[in-house]
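Please open the structure in a viewer and keep the selection panel at hand. The tour below proceeds from one selection to the next and states what is found at each stop.

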Amino acid sequence: MRTKSLKKNKINVITLGCSKNVYDSEVLMGQLKASGKDVAHEEEGNIVVINTCGFINNAKEESVNTILEYVDKKEQGIVDKVFVTGCLSERYRPDLEAEIPNVDQYFGTTDLPLLLKALGADYKHELLGERLTTTPKNYAYLKIAEGCDRPCSFCAIPIMRGKHVSQPIEKLVKEAEGLAANGVKELILIAQDLTYYGLDLYKKRNLAELLENLVKIEGIEWIRLHYAFPTGFPMDVLELMKKEPKICNYIDIPLQHISDNILKSMRRGTTYEKTTQLLKDFRAAVPGMAIRTTLIVGYPGETEEDFQILKNWVTEMRFERLGCFAYSHEENTHAYTLEDDVPEEVKQARANEIMEIQAQISWDLNQEKIGETFKCIIDRKEGPYFIGRTEFDSPDVDNEVLIDAAQHYLKIGEFANIKIFDATEFDLYGEPV
């Protein structure tokens, strides 16, 4: 008998891109484990599954480089098989098959049963919502919908993820109960568009009703909202946020731009005036809430005047959290028909300028926190510090609270009350009280 056949296969799942991809990888791993497969996340394994991102140029480059790296390992005999799934292969499968033929098989975003079959596993319908989480044990993502119906000119997500499909409330509650039973204390609700949740299933925007059901789950202490679209935002969610302590006073609402010219070309369905009023309404409804947004600079036709409008508005709005990206010209999007006329170095300079303004705002807001005490979740220990977060901070993208591990002992995955004694632009320093 050849020794090759005695080797036990181990499947290594590699995740690139956003939290939605993290969730998809976790579902894949849960299915593989249920079929008795040895599966790991970003460790060693002789069979590799790369879950790719195809959103913007940087993400596509990272995905392609990762595929090439593992194809090279396959040629050297370090790994036996390489499978590619996710957004990049959904969007560019024919190109990828032609350019990188040494991948064993490519799969799209909706090909999970086929991918499992290729890995020698069965798709188990009864595993509703069961997955192998890859995040720290105290938080997990809960994907409440897939796809997007919005017509934004710059965005390729509908091409890769299809139309908006909400998950039923009872299915999400069951999934969240399973997570809570495994020690998850914080649910991070994700979708391409939370605002749209329920319109397809219940003929109304139903995020508030979903939240009312999720807050009843024992063990869940924080629920965080990610990726809400500004147009048609269901304001009853804010009423619930204000009165329900489990719902973090936090929202991630990508606004992309504020100049009316650019918003119109982007097909965002809103204006400077409407967006500014919406943010004022948010802050009036939930005083002290943290608003995170993302912006795009260098969109086709963005003039110096458009950029000045954006800069002034960022200064005025004082977002608690903000990210800024240089526009990426994506084929098959409506904006691709426009001339990508802002030079790359101008895009980058504009993004840097916005982030400098935001760094000063973050510094000012963080200085105000000195002397205050916050309930924090402790995510991990890193170097000499325990690292925690307040309810105003999402993992990986927002501020962190650093506590000196030589002076204090904290339990990872538990909550602690932390008094802040120092702050920088992006970190708070505190001690337990």
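**First stop: a loop residue with positive phi**

Begin with R267, which is located in the loop between α10 (260–266) and α11. The model is a predicted one, and the backbone here merits attention: phi of R267 is near 60 degrees, a positive value in a residue other than glycine. Most residues other than glycine have a negative phi. R267 counts as partly exposed, because its relative accessibility is 39%.

For a second case, select E42, in the loop between β2 (38–41) and β3 (47–52). Its phi is near 55 degrees, again positive in a residue other than glycine. With a relative accessibility of 44%, E42 also counts as partly exposed.

**Second stop: the annotated cysteines**

Return to R267 and display what touches C152. Leaving out residues up to four places away in sequence, C152 touches F229, M266, R267 and R268. C152 is placed in the loop between β7 and α5 and counts as buried, at 11% relative accessibility.

Which residues does UniProt list for "binding site"? The unreviewed entry names C148, C152 and C155. Select C148 next; it lies in the loop between β7 (145–146) and α5 (157–161). C148 is buried as well, since its relative accessible area of 13% falls under the 20% limit. Apart from neighbours within four places in sequence, C148 is in contact with I157, P158, G162, K163, H164 and Q192.

**Third stop: the nonpolar cores**

Now select I144, L187, L189, L214 and W313. Of the 59 residues in the largest nonpolar core, these five touch the most other members. Helix α6 (residues 169–181) is the element that gives the most to this core, with six residues.

To see how one of these members is surrounded, centre the view on I144. Beyond four places in sequence, the residues it touches include V165, L172, L189, I190, L194, Y197, L207 and L210. A second core, separate from the largest, consists of 19 residues, among them A290, L410, A416 and L428.

**Fourth stop: helix α11**

Select residues 272–285, which form helix α11. This helix has 14 residues and reaches 20 Å from its first C-alpha to its last, close to the 20 Å expected at 1.5 Å a residue. Which residues of α11 are buried? They are T275, T276, L278, L279, F282 and A285. These buried residues pack against two helices, α9 (236–243) and α12 (304–317), and two strands, β11 (247–252) and β12 (290–297).

**Fifth stop: the two annotated domains**

Colour residues 9–124, where UniProt places the feature "domain: MTTase N-terminal" in an unreviewed entry. Over this range the chain is 47% helix and 21% strand, with the end C-alpha atoms 20 Å apart. Within the range, select G120, in the loop between α4 (112–118) and β6 (139–143). G120 counts as exposed, at 51% relative accessibility. Add S35 to the selection: G120 and S35 are 85 residues apart in sequence, yet their C-alpha atoms are 8.4 Å apart in space.

Next, colour residues 367–433, which the UniProt annotation "domain: TRAM" (unreviewed entry) covers. Here the chain is 1% helix and 52% strand, and the end C-alpha atoms are 19 Å apart.

**Sixth stop: aromatic rings and charges**

The structure holds nine aromatic pairs. To inspect one of them, display F386 and Y409, an edge-to-face pair with 5.9 Å from centre to centre and 85 degrees between the planes. F386 belongs to strand β15 (residues 385–389) and Y409 to the loop between β16 (400–404) and β17 (415–423), so the pair ties together parts that are 23 residues apart in sequence. Is each partner buried or exposed? F386 is buried, with a relative accessible area of 4%, whereas Y409 counts as exposed at 68% relative accessibility.

Finally, display two arginines and the rings beneath their charged ends. The charged end of R389 sits over the ring of Y139, 5.2 Å from its centre. The charged end of R224 likewise sits over the ring of Y250, at 4.7 Å from the ring centre.

Conventions:
Residues are numbered from 1 along each chain as its sequence is written. This is a predicted model: local features need pLDDT of at least 70, side-chain atom pairs count only at pLDDT 80 or more; totals for chains, interfaces and linings use all residues. Side-chain values use heavy atoms; hydrogens and water are left out. UniProt positions are given in the numbering used here, feature names are shortened, and annotations may be inferred rather than shown by experiment. Helices (H or I, at least four residues) and strands (E, at least two) are DSSP runs, numbered from the N terminus. Buried means under 20% relative accessible area, exposed over 50%, partly exposed in between (1.4 Å probe, protein chains only). Contact means heavy atoms within 4.5 Å. A nonpolar core is a set of buried Ala, Val, Leu, Ile, Met, Phe, Trp, Tyr and Cys residues joined through side-chain atoms within 4.5 Å. Rings of Phe, Tyr and Trp (its six-membered ring) pair if their centres lie within 6.5 Å; planes under 30 degrees apart count as stacked, over 60 as edge-to-face and the rest as tilted. A charge sits over a ring if NZ of Lys or CZ of Arg is within 6 Å of the ring centre and within 35 degrees of the ring normal. The expected span of a helix is 1.5 Å times one less than its number of residues.
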